[in-house]
Structure formats: structure tokens, C-alpha cells
Amino acid sequence: MIEFYVEESDIRIDRYLADQLPDLSRSRIQKLIESGHVQVNGELCQSKKAEVADGDFIQIELPEAQPLELKPEAIALDILYEDDSLIIVNKTAGMVVHPSAGHDSGTLVNALLAHCESLPGINGIQRPGIVHRLDKDTTGAIVVAKTEAAFHHLQEQFRTKTARRDYYAIIYGAPKQESGTVDQPIGRHPVDRQKQAIVPEEKGGRRAITHWKIKERLGNYTLLEFELETGRTHQIRVHSAFMGNPIVGDPLYSSGRSIGVNLPGQALHAWRLKLIHPVREEWIEAIAPLPESFTKLADVLRRRSQS
């Protein structure tokens, strides 16, 4: 049971709770309200539009989450590297990494459960072996641990920034400089809970550092190479938008812009992953070829810039 007193004046209860409970999405909070899990001043509240005021006492009951039943699914994988300790896959656009509400099948985890026998039990039930993530529509290299020891070794590499992740992206606009660094903290967007935003650290943002350099100028567009120093949710997408150069095809951070080329998602690809093998203690490097949609977009923009 979560309990607290309201310290604001006349605000919708779903909005207020979303601000107070950043780990819960607004849609999740609305479902809790509608399903009778929220009380205000001892009275049941089932309207997400109900207003609360300073001094109101809210009680929220969080029902125990029902674990999803993970099922192995014979989904084809583009495997870049594999041994007894880990597997590196070139993830396709549209594939969610691990099951969650609304995505209980067709995920990378479902595919890996059919491919590997040792994943269950590593890093919990819902995310077996998952060390880091890629957004649903971001393509490229992702590593998954196949043993408990490998999981902890790889997790530590990402924590200490030993593992290196390099991305390619096509952005709107043409930066004046040839390279640069964005050092801006990232946190949950204060209004749109599906998005991240630049949020000061004193307000809950976490430090995020992205290095970039130009690979090719394509007229009013640019092919950039990014290197992540930190790994925040939507980091490259948020930092690109902060630069004034959102990623082409990004449905969240470049909405309303059309380029005339059909894309399965944002033009963002994790092309290289470099890390230390958890057993052999040697560097291994996996290169993920660019997807056809990315190369097609680059070719179209290249021809346009030359005409």
C-alpha cells in the first residue's frame, strides 16, 4: 500500500500520481484507478479525471504483478557471434527486446529461449540474460548472457563504461561542426510519459554523455556516428533532438516531419559492439551490417543532394 498527502491545488488525480510515481506509466495509473485500487480520503476513486487538492489523503494498492508466461518461439535470428557464454544478435526493427505489457510474444527473449537452453533464471524471469537494451525500432548489435557469471561480468562492463557501443544515424539538418559531445541529463518527460527529456539532475535527471562525429553530409541531412558514454533510455534520440537535429523517422522526437521514404522506425543502427569476453578476457568486436531500409534512405538522400 502506498500512502501520501497531496501537496498541490486542484489537479487531476492521474496526472498527480504520474508525477509522484515516475516508475509507473500514466496508463498504468489510470488502470489502477479504474479497477478500484485507489482511495481518496478513505473513499474509492474510480475516475481518472477526478481532482485532488492540497491535504487530500491518497492510498494506492498495487496488486502483485502476474508473471508473463515466456514461451520459446522459433523466430529467425541474425547471429553475429555466439559461444557458451554469450550471444550477440543483429536485432531487426520492430522487435521488442523482452516481454512486457502489450508485448508478450515475438520478442528477442522469446526467440532466444527457442535458440538457447541456458537462459531461464538469468536476470530474472522476464528478462533472462538481458544486459542492455535497444529500442523497439532501433536495429543492430545487442549482447545477451548465457550464464550467470557472464551476465554479471557484462553488466559490470556496461556499468564501468568498458564496453563500447557505436551507432549510425541519419539526422535532419547539417551541424556546422564536424564532431562534438552532448552532456545533458536525461529523465522522464514531465508531461508525456512515453518520452524522455532533458531534465536537470536536481529534478531527477541522470547524467548522459553522447559523442558524435559526421560521417557524410547529405544535403539537408547528415549521417552521424555516435558513441555512447552512458546508456540512458532514448539517449541518442533525445540528445539529437536537443541538438536541433532529430533522427529521421523517429516517431517520438521528430514527429510531423516527412522525408518521403518509407521507414520501419527511426534511422538509428547499433553498428558496432566491442566488449571483453567474460571468460577469455579478450576483446571481441561484433559488426552489424546496416539494414536495407537504412542504406536505401542514405542512397535516396545522396542522390537528392547531388541533383
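This passage walks through the cores, one helix, the salt bridges and a few loop residues of a predicted model.

A good place to begin is the interior. The largest nonpolar core holds 44 residues, and those that touch the most other members are L108, L112, Y167, I170, Y221, V248 and L297. Several elements feed this core: strand 8, helix 3 (108–115), strand 9, strand 10, strand 14, strand 15, strand 16 and helix 6 each supply at least two residues. Strand 10 gives the largest share, with six residues. To picture the packing around one member, it helps to look at L108, which touches L77, V89, M95, V96, V97, I142 and V144 when residues up to four places away in sequence are not counted. The model also has a second, separate core of 18 residues, with F4, L17, I33 and V40 among them.

Helix 4 offers a clear view of how a helix can sit against its surroundings. Spanning residues 148–159, helix 4 has 12 residues and reaches 17 Å from its first C-alpha to its last, close to the 16 Å expected at 1.5 Å a residue. Its buried residues are A150, F151, L154, Q157 and F158. Seen down the helix axis, these buried residues fall within an arc of 130°, so they line one face of helix 4. A general feature of helices is useful here: an α-helix has 3.6 residues a turn, so residues three or four places apart point the same way. What covers the buried residues of helix 4 includes strand 8, strand 9 (139–145), strand 10 (164–172) and strand 16 (268–276). On the other side of the helix, A149 and R159 are exposed. Helix 4 is followed by K161, which has a positive phi near 65°.

Charged side chains come next. The model contains 17 salt bridges, and three of them serve as examples here. In one, the side chains of R164 and D166 meet at 2.8 Å, N to O. The two partners have unlike surroundings: R164 is partly exposed, at 31% relative accessibility, whereas D166 counts as buried, at 1%. This pair also belongs to a wider arrangement, since R164, D166, E227, R272 and E285 are linked in a network of salt bridges.

A second example joins E225 and K213, whose closest N and O atoms are 3.9 Å apart. E225 lies in strand 15 (residues 221–228) and K213 in strand 14 (residues 209–218), so this salt bridge ties together parts that are 12 residues apart in sequence. Of the two, E225 is buried, with a relative accessibility of 7%, while K213 is partly exposed, with a relative accessible area of 41%.

The third example stays within a single helix. R302 and D299 form a salt bridge through their side chains, at 2.7 Å from N to O. Both residues belong to helix 6 (residues 292–306), and being three residues apart there, they are separated by about one helical turn. Here R302 is partly exposed, at 24% relative accessibility, and D299 is partly exposed as well, with a relative accessible area of 34%.

Some loop residues also deserve a look. D83 sits in the loop between strand 7 (79–82) and strand 8 (86–91). With a relative accessible area of 19%, D83 counts as buried, because the cut-off for a buried residue is under 20%. Its side chain makes a polar contact of 2.5 Å with the side chain of H277. Leaving out residues up to four places away in sequence, D83 touches K146, H277 and R280.

Two further loop residues stand out for their backbone angles. H234 has a positive phi of about 60° although it is not a glycine. The loop that holds H234 runs between strand 15 and helix 5 (235–242), and H234 itself is buried, with a relative accessible area of 13%. E281 likewise is not a glycine, yet has a positive phi of about 60°. E281 is found in the loop between strand 16 and strand 17 (283–287).

How values were computed
Residues numbered from 1 in each chain as written. Predicted model: local features only at pLDDT ≥ 70, side-chain atom pairs only at ≥ 80, totals over all residues. Heavy atoms only, no water. Salt bridge = Lys/Arg side-chain N within 4 Å of Asp/Glu carboxyl O. Buried < 20%, exposed > 50% of the residue type's maximum accessible area, 1.4 Å probe, protein only. Helix = DSSP H or I, 4+ residues; strand = E, 2+ residues; numbered from the N terminus. Polar contact = N/O pair within 3.5 Å; in protein donor to acceptor, adjacent residues only side chain to side chain. Contact = heavy atoms within 4.5 Å. Expected span 1.5 Å × (residues − 1). Arc of directions from axis to C-beta. Core = buried A, V, L, I, M, F, W, Y, C linked by side-chain atoms within 4.5 Å.
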